Amino acid sequence: MNIQVSRRRFLQLAGAGAAATSIAAFGYGEAEAEVAAHVRNFKLAKSTETRNTCTYCSVACGIIMYSRGDLTKGEQANIFHIEGDAEHPTNRGTLCPKGAALLDMVHSKTRTLYPQVRKPGSDKFERISWDEALDRITRLMKDDRDKNIIERNAAGVTVNRWTTTGFLAASATTNETAWETYKVVRSTGIVAFDNQARV
Amino acid sequence: MTNSWTDIKNTDLVVIMGGNAAEAHPCGFKWVTEAKHNRGAKLIVIDPRFTRSASVADFYCPIRQGTDIAYLLGVINYCIQNDKVQWDYVKSYTNAGLLVDERFGYSDGLFTGYDEEKRDYDRTSWDYQMGADGFALIDDTLQNPRCVWNLLKQHVAVYTPEMVERICGTPKDKFLKVCEMIGECSSKTRTMTSMYALGWTQHSKGSQNIRAMAMLQLILGNIGVRGGGMNALRGHSNIQGLTDIGLMSNLIPGYLNIPTERETSLDVYMSTRGFKPLRPGQTSYWQNYKKFFVSFQKAMWGEAATAENNFAYDWLPKLDVPSYDILRAFELMHAGRMNGYFCQGFNALLSFPNRKKITAALSKLKFLVVMDPLQTETARFWENHGDFNDVNSASIQTEVFELPTSCFAEDEGSLTNSGRWLQWHWPGGTPPGDAKSDNWIMAQIYLRLKALYEKEGGPVADPILKLDWRYKDPGDPTAEELAKELNGYAVSDLADPSDPTKIVVARGKQVPGFAVLRDDGSTACGCWIYSGCFTEAGNQMARRSTNDPDDTGTFPTWAWSWPVNRRILYNRASADLEGKPWDESRKLMWWDGTKWTGYDVPDIAPNAQPGEVMPFIMNAEGTARLFSLRGLREGPFPAHYEPFEAPIANVLAPHIRGNPAARVFKDDAAQFGDAKDFPYAATSYRLTEHFHFWTKHAQINASLQPEFFVEISEELAKEKGIVRGGWVRVSSVRGSIRAKAVVTKRIRPLVCDGKTVHIVGIPLHWGFTGETKEGFGPNSLTPFVGDANIETPEYKAFLVNIEAISGPVA
Amino acid sequence: MFPPLPNPDVSAQKPPLFGEQDLVRRSASRVPAPARQLTPVAKLIDVSKCIGCKACQAACLEWNDLREKVGVNRGVLDNPDDLTPDSLTVMRFTEWINPSTDTLEWLIRKDGCMHCAEPGCLEACPAPGAIVQYSNGIVDFIHENCIGCGYCIKGCPFNIPRISRVDNTAYKCTLCSDRIAVGQGPACQKACPTQAIVFGTKDEMKAWADLRIKDLKSRGFDKAGLYDPPGVSGTHVMYVLHHADQPHIYAGLPDNPRISPLVRAWKGAGKYAGLGLIALSVVAGVIHHLVQGPNRVTRHDEEEAERLAGDKP
Amino acid sequence: MTDRTHDDIPEAHVRVPRYSGSARVNHWIVAISFILLGLSGLALFHPSLFGLTVLFGGGQNARWLHPWLGIVLVVAFFGLFVRFVSQNLPERTDITWLARLRYALSAGGEDYLPEVGKYNAGQKFVFWSQTLLILVLLGSGLCLWQQGQDYLERTLGIHVSIETMRWAAVIHATAAVLTIIVFVIHVYSAIWVRGTIDAMTSGTVTGGWGWRHHRRWLRRKVREGDVDVEHSKGASGS
């Protein structure tokens with residue numbers, strides 16, 4: 001780093017100057033019919049900032065999500081822009097093509113919105129309520145577990161192994177979700193337990 | 001990663017092999033460009049394709065996919081032959097001098113103890129010679145022919161530059177140029193870093209690929225130093241975390257193991273763990289295994305885990321096979337022995353090998369539950385999409401649930417990055433529709449299941465009924481509550497062992513770290529290596545100080561790094577035996593006369609005497625292992641094996657197909673293809689514009705790389721009459737796909753063992769949902785076989801045929 | 001590392017740091033000399049550090065609320081394959097065999113508006129105020145004034161502007177004038193993972209480029225250099241090229257860009273000459289009329305005609 | 001040049017049909033579209049004339065309208081072309097006429113010129129030069145117009161490069177200037193030669209006009225009986 005640049009100085013230079021000068025002072029003179037030269041309003045002004053981590057690879061770039069509405073105040077929040085966090089030691093504000101387009105993931109047209117079920121042999125999903133979905137799933141789980149869990153092996157050793165239902169954990173969930181998932185899955189005796197680490 | 005992303009700036013030489021950091025990890029790759037710009041570092045890229053990493057490399061060297069071990073052992077051979085060895089490091093910090101069991105040997109491509117029937121080894125001879133004092137024998141002069149160093153020397157002697165050229169197709173002059181550049185890093189003041197990813201892991205001998213480079217790094221003295229290390233570039237935002245927390249069939253958080261059914265009791269289980277030191281004075285940290293295990297059991301079952309019931313040891317499932325990894329799971333499913341399956345944000349249909357088999361397997365399930373923020377192909381495996389998913393919906397009897405989850409932007413918690421940093425994040429948006437957080441969904445499933453058992457009873461109900469679930473809102477545990485469990489807390493007052501009147505940690509308080517964990521049930525800790533992440537001082541993972549003393553790239557107070565906020569693993573090895581840094585300009589930890597000090601948290605007891613306690617405390621020897629004993633299934637040294645589908649036979653042992661210790665299911669063995677039908681060596685990979693099967697749902701990314709394609713050389717295109725932008729059909733024994741052809745100078749045919757080998761590159765991002773054009777993926781073609789140790793499928797080397805076609809049919 | 005700018009301040013909507021009062025050029029019209037001179041800014045694109053990841057493309061689309069349609073693969077990695085009214089920047093990939101070393105070099109260049117000191121687009125534009133140049137060097141399109149004639153396309157020596165078929169106005173990179181106006185750098189620059197794009201004052205950028213060129217020369221690129229073409233009096237988007245002696249190998253980057261003499265002829269002397277000639281023809285008519293008077297038919301002529309008609313049987 | 005009277009318009013007792021109603025309509029379509037094209041074109045040609053766009057409701061409209069007006073003009077002009085081409089074929093006398101252009105440009109100079117048919121060489125020049133210039137304007141205009149470029153690409157497979165566009169712009173502007181000059185000549189001639197405008201308004205000219213300017217044409221019309229003679233006024237006035 002042989003170049004020492006005061007970024008603050010840059011900021012001053014790029015914009016400041018004769019402070020008294022205003023657009024009005026120059027008037028529109030010969031070009032009254034035309035729209036005066038202007039730059040777009042800075043769209044992040046007066047938005048809510050939230051620190052997050054990019055959901056893709058494990059460089060784990062720091063990001064700032066800009067929203068209208070503030071969750072911490074109990075409001076609905078709609079994220080409208082995502083940008084790199086310049087303070088983050090690794091990415092220093094930069095983002096890759098995936099990270100720079102995170103907004104389109106958040107607002108993807110193909111996000112799942114409602115619990116759905118596809119009945120055996122059907123060619124379509126049907127919308128159901130959370131209660132219906134969860135009750136049905138746990139029913140199926142219990143029926144399978146009760147029928148198939150191996151309590152003891154041939155040698156009589158307690159093995160508590162449930163091999164007929166499997167669980168594939170995510171790769172983008174938090175450590176906390178992972179831990180909760182671990183607890184639930186392990187407590188049931190599911191052994192076909194895996195995650196994306198292999199793939 | 002042993003080091004961190006920001007530490008890469010300290011290196012002198014970056015070797016990208018088995019990965020493509022510029023494309024898959026662009027923002028991490030920044031630190032390579034920084035090293036180049038600030039230190040004049042060089043970048044070498046070794047890859048079958050001239051990747052975007054190669055586009056900014058100082059030297060690009062081609063290699064045939066699946067031959068990395070031959071290449072790396074060739075480099076090791078070069079270093080040994082040309083005295084490019086960091087001798088002080090090798091002698092002090094590796095097991096080079098330890099003597100190996102006389103019975104151990106290697107011939108005809110196999111180590112001693114092979115059983116062809118079982119495709120496995122009897123590994124008893126893979127051991128040290130033990131002295132009467134219970135310690136391994138050593139020859140510090142490295143003269144004994146049975147010492148690790150001499151066995152290694154002998155083992156790698158066959159990998160001459162000529163042999164490397166013959167196996168890998170790498171021109172000898174290019175290989176030697178790489179050797180020369182790498183050899184320079186044996187200097188104490190030059191370091192090299194290895195950046196790799198799934199280009200090394202997705203092989204039937206992935207673990208050994210990595211071992212080979214790790215051995216080279218040890219020989220060069222590059223482990224534990226700034227700008228060095230073995231840097232695995234993990235693919236997903238929290239795949240490191242999920243591995244750490246052990247969401248795998250055979251793991252307990254913090255790299256502990258689920259017992260096997262042979263381990264009938266806690267005592268039997270513990271008898272093969274808690275290793276005693278193999279050399280005098282060494283730490284052998286796994287001696288603390290039981291503390292971590294018991295604390296884990298307490299975190300699981302709380303008060304129900306007592307000394308009397310062996311801390312609920314019996315409630316853990318016991319394995320009858322080494323693992324129920326995804327390959328085994330889908331094998332079982334395919335055989336009709338699996339009824340239910342959950343996919344928590346995972347697109348199995350596109351991610352697992354041999355898609356036909358995956359579809360058939362899923363079709364045999366009674367129920368499938370998919371929790372995902374996006375509409376995945378897996379959730380729609382039963383939906384007919386013409387060529388892209390040609391199934392008969394009516395004949396598929398699986399009941400499929402699609403549960404909408406929130407995404408990263410809408411949830412709170414920590415993610416562990418490649419550099420082991422646990423970083424907290426906050427929610428900023430309202431989830432769409434009825435989407436719910438994974439925490440809520442898992443809690444709901446648990447509570448409803450528990451209610452069913454309470455109501456109806458059933459077998460083995462206790463582990464479910466007595467799971468410790470003391471959350472403020474049991475239906476929706478908060479991230480903070482769960483993080484505190486991961487960190488661990490005192491179940492009862494913890495007295496100071498040296499002064500029982502003094503309470504170190506009061507009952508109910510968060511523990512400061514794993515050093516205070518106990519094996520008597522007085523502590524609970526979900527994941528011992530995460531202990532320290534959320535202490536009484538608060539959430540360490542949420543720290544945001546950018547302070548970086550002396551600009552080392554350590555950032556000790558940004559977030560929190562496991563273990564104990566250590567940023568560079570094995571950092572004691574950054575100093576010589578006396579505790580003096582190898583390179584003063586790049587010092588990391590040093591002995592100040594009374595204790596270890598420096599920029600990082602020492603990877604050794606702070607008062608461990610230099611010259612006595614060796615840096616690799618997790619190993620019973622205290623040193624790193626050039627000879628890995630019984631650590632890996634296919635041998636204590638890596639050896640060259642071809643992929644299961646290879647364009648040429650194994651030059652060193654023609655009778656061996658693939659990795660002799662890799663597990664192969666019977667039906668899958670019948671589905672391996674041969675070069676006479678499928679002459680081209682294919683490989684699969686990510687493109688920088690996309691992330692797996694996610695960004696095809698993001699409009700911008702879809703526009704940046706809209707349509708599925710395969711990449712071939714101009715030579716192959718000419719030979720097969722394929723035009724740039726034209727349509728091709730690519731096929732293997734297991735399936736066929738159609739794609740656009742990208743004809744490029746960036747892929748060139750290689751000559752291996754006298755035969756011209758053409759390479760076909762197949763990126764992996766397309767499916768039948770999302771914004772991109774519908775397409776296929778490599779898993780329609782790839783073989784159903786994994787790494788011998790961790791079962792990562794062999795995605796990076798397989799055989800295909802390719803032909804020009806006129807275009808999509810209808 | 002070129003020091004990153006701090007995260008944006010979002011606390012309030014502040015007036016932009018520059019505007020109409022800072023214009024030095026304005027299409028089809030004149031502007032008074034500005035009262036102050038802003039420090040010229042520049043974006044430096046270091047081709048030798050670029051990994052072709054297209055983060056700049058993604059960031060540009062996202063920041064500017066634009067979306068490109070999902071196209072097709074044409075046998076290359078370039079996508080979209082050209083600039084469009086939505087894709088204000090694209091990566092151009094060239095597989096080039098260096099004849100002197102016989103090795104492959106994958107040249108990847110981010111294409112987009114160069115913000116010429118002498119902008120050909122502005123020169124060619126007939127709509128007053130549709131294209132403006134601020135004293136910091138930013139050449140911006142004021143869409144409200146744009147009539148969509150496409151003359152800017154003809155004027156540009158780099159083939160950059162594109163006309164939208166939706167609103168029929170011309171689009172090109174604004175250098176993220178809205179971001180620069182609040183002290184931020186352009187979106188592409190902020191995103192660029194390897195700092196192949198840096199942003200600062202033009203002087204800083206030149207100094208930074210010198211360092212990069214020194215590094216490249218040390219790696220054997222003897223002809224490494226800065227692309228700041230004098231033919232357009234320099235640009236506010238500059239390239240570091242490893243082969244600065246042959247810019248054209250980078251997907252046809254002009255070796256010596258300048259405003260086409262045709263455009264000069266057409267928009268310069270030509271338009272005066274044309275108007276002059278038209279005026280002249282009118283004046284000639286007036287003079288002719290004054291001198292000659294009207295050309296009338298005489299009674300004699302009528303009589304002759306009557307006679308002729310009368311002769312008719 | 002005998003007995004020229006400058007102040008009073010001679011009484012005409014013979015009127016000769018010169019343009020049919022449809023020809024006149026056709027002409028005025030061309031004329032109006034030409035003028036509008038000129039105005040919209042000039043508006044984009046020079047900044048000082050940009051204000052002309054007001055006539056069209058702003059620059060966007062002027063830009064949009066101009067090429068479509070061009071298409072109208074081309075179609076309409078084609079009608080004129082078909083109507084008039086046979087009368088505009090060059091003849092030997094045109095050379096003489098042109099050689100004596102000096103006389104043609106002076107009032108009453110016809111006496112020194114050969115008798116001309118429906119069109120003299122000057123008019124033929126206008127006819128042919130406008131034909132040519134309109135073709136050039138059409139070709140270059142298509143290259144400058146987005147829809148035109150699409151059309152060329154789609155139907156003829158011609159991709160218009162930017163360099164081509166630049167040439168097209170220069171050519172279009174040059175041709176436009178020339179066509180306007182020819183237009184000025186045309187209009188001025190119609191004004192200067194009094195009685196001409198009647199041809200495109202009422203459709204007829206006086207016999208005297210025919211006698212003076214297009215005597216051979218008049219003779220033909222008389223021969224064909226295609227003249228109106230006002231007999232009540234008498235056929236001979238002197």
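Visitor: How many Å separate the centres of domain 1 and domain 3 of chain A, taken over C-alpha atoms?
Guide: This is a predicted model, where local features need pLDDT of at least 70 and side-chain atom pairs count only at pLDDT 80 or more, while totals for chains, interfaces and linings use all residues. Residues are numbered from 1 along each chain as its sequence is written, with chains lettered from A and ligands numbered from 1 in the order in which they are written. Chain A is divided into domain 1 (48–106), domain 2 (112–146) and domain 3 (149–199), with bounds that come from an automatic or database domain assignment. Between the centres of domain 1 and domain 3 of chain A, over C-alpha atoms, the separation is 32 Å.

Visitor: Which chains share the most contacts?
Guide: Two residues are in contact if their C-beta atoms, placed from the backbone, lie within 7 Å. Chain A and chain D do not touch, with nearest C-alpha atoms 10 Å apart, and chain B and chain D do not touch either, with theirs 20 Å apart. Of the 4 pairs of chains in contact, the one sharing the most contacts is chains A and B.

Visitor: Is strand β2 of chain B enclosed or open to the outside?
Guide: Strands (E, at least two residues) and helices (H or I, at least four) are DSSP runs, numbered from the N terminus. A residue is buried if 20 or more other C-beta atoms lie within 10 Å of its own, exposed if 12 or fewer, and partly exposed in between, with C-beta atoms placed from the backbone. On one face of β2(B), Lys42(B), Ile44(B) and Ile46(B) are buried, and on the other Leu43(B) and Val45(B) are too. With 5 of the 5 residues in β2(B) (42–46) buried, the rest of the structure surrounds it, so the strand is largely enclosed.

Visitor: Which residue of β3(B) is the bridge partner of Ile44(B)?
Guide: Two strands pair if DSSP finds at least two bridges between them. β2(B) pairs in the parallel sense with β1 (residues 13–17) of chain B over 5 bridges, and 3 bridges join β2(B) to β3 (residues 59–61) of chain B, also parallel. In β3(B), the partner of Ile44(B) is Phe59(B).

Visitor: How many of the 14 residues of helix α3(B) are buried?
Guide: Helix α3 (residues 68–81) of chain B reaches 20 Å from its first C-alpha to its last, close to the 20 Å expected at 1.5 Å a residue, where the expected span is 1.5 Å times one less than the number of residues. What covers its buried residues includes β1, α5 (148–156) and α9 (206–219) of chain B. The helix is largely enclosed by the rest of the structure, because the number of its residues that are buried is 12.

Visitor: In what order do the 3 strands of the open sheet in chain D stand?
Guide: The pairing in this sheet is antiparallel. β2 (204–206) and β3 (228–229) of chain D stand at the edges with a single partner strand each, so one side of each is left without a neighbour in the sheet. For β1 (residues 14–17) of chain D, 2 bridges join it to β3(D). The order is β2-β1-β3.

Visitor: How many residues of chain D are in contact with chain C?
Guide: On the chain C side, 50 residues take part. Helices α3 (151–155), α7 (261–267), α8 (269–292) and α9 (299–311) of chain C each supply at least two of them. The number of residues of chain D in this contact is 57.
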